[in-house]
Amino acid sequence: MGVTGDVYDSESYPKAPNLGTYRITLEEGALPSQAMFVEVVPKDLNGNLLPEAYRMQVHDSILNETVQAATYKSLAAPSMTPYIGLRDLELGVAEGVISWIEYQPYEAATSYVAYFVNAENVKLKPIAEIQRKGVAFELGEHTIYLYRVSLPPGTVIPQGAQRIGLFGKSEHGESEIGAFTGLWDFKMTDTEYDYAIDTDGRAGQLNVELSWATRVDETSITGYEIVFETDTHVRIDGHSIIIAKGQSPYRVTITSSQIPASARAVVVLARNGAGDEFEQSRQWLYDNISEETTASLPQGLYLAPAFYAGFDDVDGDSGELGGELFFIHQNHMMSLPRFQLYFINSQQQKLKPILQVQRLPFGSHVVDIPYNTPIPSGATAIGIYTVTSEGESAPLVLPIQDKLYGPSLSADQIQIVNNKEGTSDTVTVTNLLAGDVIKVYTSSSTPYPLYVRKIASGATSMSLELAQLGKDAGSLYFSLQRGNALPSLKLAKSYTAEPAPAGGGGCCFGGGGGIIGNAAELKEEVVQVNGKKKSVTVVNEDQLKKLTDDQLKGSNRELKIDMTSSAQGYELQLNSSLIGELGKKKSDAIVAVSTPIGAVRLPLAALQEAAKLASDKADASVKLQIEELPASEQQRLAKDVATSGGEVVGKALSFELTLLDKQNKVVGSANDFSVYVGHTIVLPSGFALKQGEQLAGAVWDEATGSLVPVPLTYKAASNGKPAEVTMWRKGNSIYTVYKAQKPFTDVADDHYAKAAVDALAAGSIINGFEDDTFRADVQVKRSEFAALLVRALGLKSAQQASLTFSDVASDDWFADVVYTAVNAGLISGYEDGTFRPEQTITHQEAVTMLSNALKSVQPGLKLNDTDRSTYITNSNGKLSVDDWALDAAALAWRFQVLQADNGVAFTKDAAATRGATALWIHRLLQRAPWPMQ
């Protein structure tokens, strides 16, 4: 290869400190026009060029260009998925590399163009264009090509960007469809919040507290999914846990019944609006055995201990340990060994067990020793033993180093100036040493530092300019890390309110009236009603305006109203005319009312339906009530649940929405809606399920004693708050949570639909046969599938059908569920006016009903042509369906109702079985877009 242009000597370009990278800036015009690659050739100490070279392809940054509107439909989309490696920790800014590999020649294109795109894959901003040449590598008998384009430091992420899109380009234009990957905006995060610890010290009894602090901006995140993997990183389906976003940090309790037997790791996935997933946290599972007695086994003659280990105590308290421990074991000949960790003394005598972990096939093991683990008297080390049926090895000895928190800053070292609006606020810290690391936080518990600064050599102080702290007084929190010590505990430093504006006395809104003092703050009045405490809050116009102005900003659509008084019932009143004003502020708002006993999530559409009923009454109000049932009714309900094979968890609650006239007299009710409403029950402190038990939710009919299944989502206890269950239904009523266990003799633990069948059976959504079998391979009729779907979604019976079928008579057992499904938009029948209830349902017919169910949960849900094509393409042929089912299949794939075979090979015309039906409906309930944040 000939040399073009000048040769640059890297000795003139110093190495960036601590980064291991070099940066060379070429002057404008220095790069020859015909240059396709740049090669970097290292020298040895004698100045001789070494044979290896680092080759990079030249690409054209087009960040300042506009989006190209013209596309070339005949140009196929790129077949590869780009990979993003970002390293910038400033929100709203990206820096790093986008790379991809061309395995098959993309001959139709002459170049690739990378874009920022939104969740719908609409181009927002161009990034770079690179010629279709690539850096060549040999892979066996084939040549592959690597492409890399850079996001330079300070690249601003456009508003709404959630993905990177890669498009082909030819002389006719760019491809209409691209290849996409998720874009994640990283932020500074403290790592000590990421762990998974077993809080149950008994062997074989797992009760995992999983914690993580999200490492990316949550603006584009729709929620989190906790999944389990085997020791070879194979994801175990049917056991995922969905977590709504909004915690800081996140703490989730996972019980033994939720952990599959083959699980060795628990993984937290963040998902954005496009369905891309980001691995937020990966933790290996282990068994806490600290409450077991110390035991020694015969020493196996050929049992090798682990050969390397490390542990960094980050607990900080004297006499206690906590942190991540790793060890490596490479004897691959042993049959299924496990490892046990003990505190040992200087004579290598066992003092106290710590934990045990199953051997992983790749030899490297990482476990978390819980914070605040006391060091037993006389303990000098942690011993790691290899244990099999033959006995145990000698220990690998890991000496204990009990690290302590470093020194804290003192308050007089810190000065915070809260300047008036328009002038930056400042923080100054003095009397520091070179190498000190200062972190600044907004609270004592947040894992996200506002700023991190390392003090430069020769400096003794630091100064920061902050975004506006706000008008009111407050506090910032500071930690100091000096030398090799742990970071100090956080020190709070208060600051004063902004200076008052000059002239004009008075507060807030000047002298022309308006809101003065706390007049706009909500107030709870606790009253006695029939011997019970009831907390009553009335929201007026000024209060609602303040709430909406404070909360409904940007993409946030949740209006939170917290009622905190201790009572047995809660009542919230809102003038019906204000509901229209709320809609003007945020048309898709959700009113979330929380109390110590439960909560309700009301989409604005439900409130608008209630207000419409009161439109002919002046000054009418809407009253929401959340109340515990009287003791006698709680007992009756418990008996009804027991009769169905369950046990009530916590207290049932009555949810009701009534209409009041201006004299506060009840003039009507509004408890049936066209949208799903969330009804939350707070579970008892310390709640836990036993092995095999499942949670279920139901509406209780106090007149008949019947229980109607409803979908639910579970939120584990965290941050001192108890666990809670939210039940979703298009109406208010009496809701209860119960636990049950209804196994079938013919559904083994390793059956692909085991988890789904157990969960649906516990909630009485599916039933077995009289011989206690489930018969997973039995084919399902169209009427049966409709019945299961109606029951799973908690739909109310149709009073009048919007569409009738010639082959569904009013006295057929399935008539009610079929017409309920019709009214809910789940089915429409055939062109000849029949439903064909006795015909077995095919896979593509089933997925159409499932897709319609997703749309009933989120009205208006649909895919554009690009998304539909992308999801079908991404299924790698697993979703081969007829044209009329394309949209439904793509939507089901989008929400991962049909993400993997999981024992069910999707074949469009194959008959759906009971096992496949259970699996799909269970996944639907887990992944449906319920009205969350």
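This report walks through some strands, a surface patch and several salt bridges in a predicted model.

## A four-stranded sheet and its helix

Let's start with an open sheet of 4 strands, which come in the order β17-β16-β19-β20 with antiparallel pairing. Its edges are β17 (235–243) and β20 (277–284), each of which pairs on one side only. On average, neighbouring strands here are turned by 25° against each other, direction ignored.

Within this sheet, β16 (residues 221–229) and β17 run antiparallel and are joined by 5 bridges. If you would like a landmark for that pairing, look at Glu225, whose bridge partner in β17 is Ile242. Helix α11 (residues 914–927) packs on the sheet, where it touches β16, β17 and β19 (265–272). The direction of α11 makes about 30° with that of β17.

## Strand β23 and its partners

Further along the chain, β23 (residues 320–328) is a handy strand to follow. It is joined to β22 (residues 308–311) by 4 bridges, and the two run antiparallel. In this pairing, Ala309 stands opposite Phe327.

Strand β23 also pairs with β26 (residues 364–374), again antiparallel, this time through 8 bridges. Here you can find Glu324 opposite Asp368 of β26.

## A nonpolar patch on the surface

Which residues make the nonpolar surface patch of about 560 Å²? They are Ile24, Leu26, Leu31, Val38, Val40, Tyr54 and Met56. Strands β1 (37–40) and β2 (54–57) each supply at least two residues of the patch.

Leu31 sits in the segment before β1. With a relative accessible area of 36%, Leu31 is partly exposed, because that value lies between the limits of 20% for buried and 50% for exposed.

## Salt bridges around Arg132

Side chains of opposite charge can pair when their charged atoms come close. Searching the whole structure turns up 39 salt bridges. One of them links Glu102 and Arg132, with 2.9 Å between the closest N and O atoms. Glu102 belongs to strand β6 (residues 93–102), while Arg132 is in the loop between β8 (123–131) and β9 (135–139), so this pair ties together parts that are 30 residues apart in sequence. Are these two residues buried or exposed? Both Glu102 and Arg132 are buried.

Arg132 also forms a salt bridge with Glu107, where the closest N and O atoms are 3.8 Å apart. Glu107 lies in the loop between β6 and β7 (111–117), so its pairing with Arg132, in the loop between β8 and β9, ties together parts 25 residues apart in sequence. Glu107 is exposed, at a relative accessible area of 60%, whereas Arg132 is buried.

## A link between two loops, and a network

Next come Asp312 and Lys403, whose side chains meet in a salt bridge of 2.9 Å, N to O. Asp312 is found in the loop between β22 and β23, and Lys403 in the loop between β29 (396–399) and β30 (414–417), so the pair ties together parts that are 91 residues apart in sequence. Asp312 is partly exposed, with 38% relative accessible area, and Lys403, at 28% relative accessibility, also counts as partly exposed.

Finally, Glu225, Arg235, Arg271, Glu277 and Arg927 are joined into one network by salt bridges that share partners. You have already met Glu225 as the bridge partner of Ile242 in β17.

Definitions and conventions:
Residues numbered from 1 in each chain as written. Predicted model: local features only at pLDDT ≥ 70, side-chain atom pairs only at ≥ 80, totals over all residues. Heavy atoms only, no water. Pairing = 2+ DSSP bridges. Axes fitted to C-alpha atoms, helices over the stretch in contact; angles between N-to-C directions. Contact = heavy atoms within 4.5 Å. Patch = residues over 30% accessible without salt bridge, like charges linked within 9 Å, V, L, I, M, F, W, Y side chains within 5 Å. Areas by Shrake-Rupley, 256 points an atom, 1.4 Å probe, with all protein chains shown as cover. Salt bridge = Lys/Arg side-chain N within 4 Å of Asp/Glu carboxyl O. Buried < 20%, exposed > 50% of the residue type's maximum accessible area, 1.4 Å probe, protein only.
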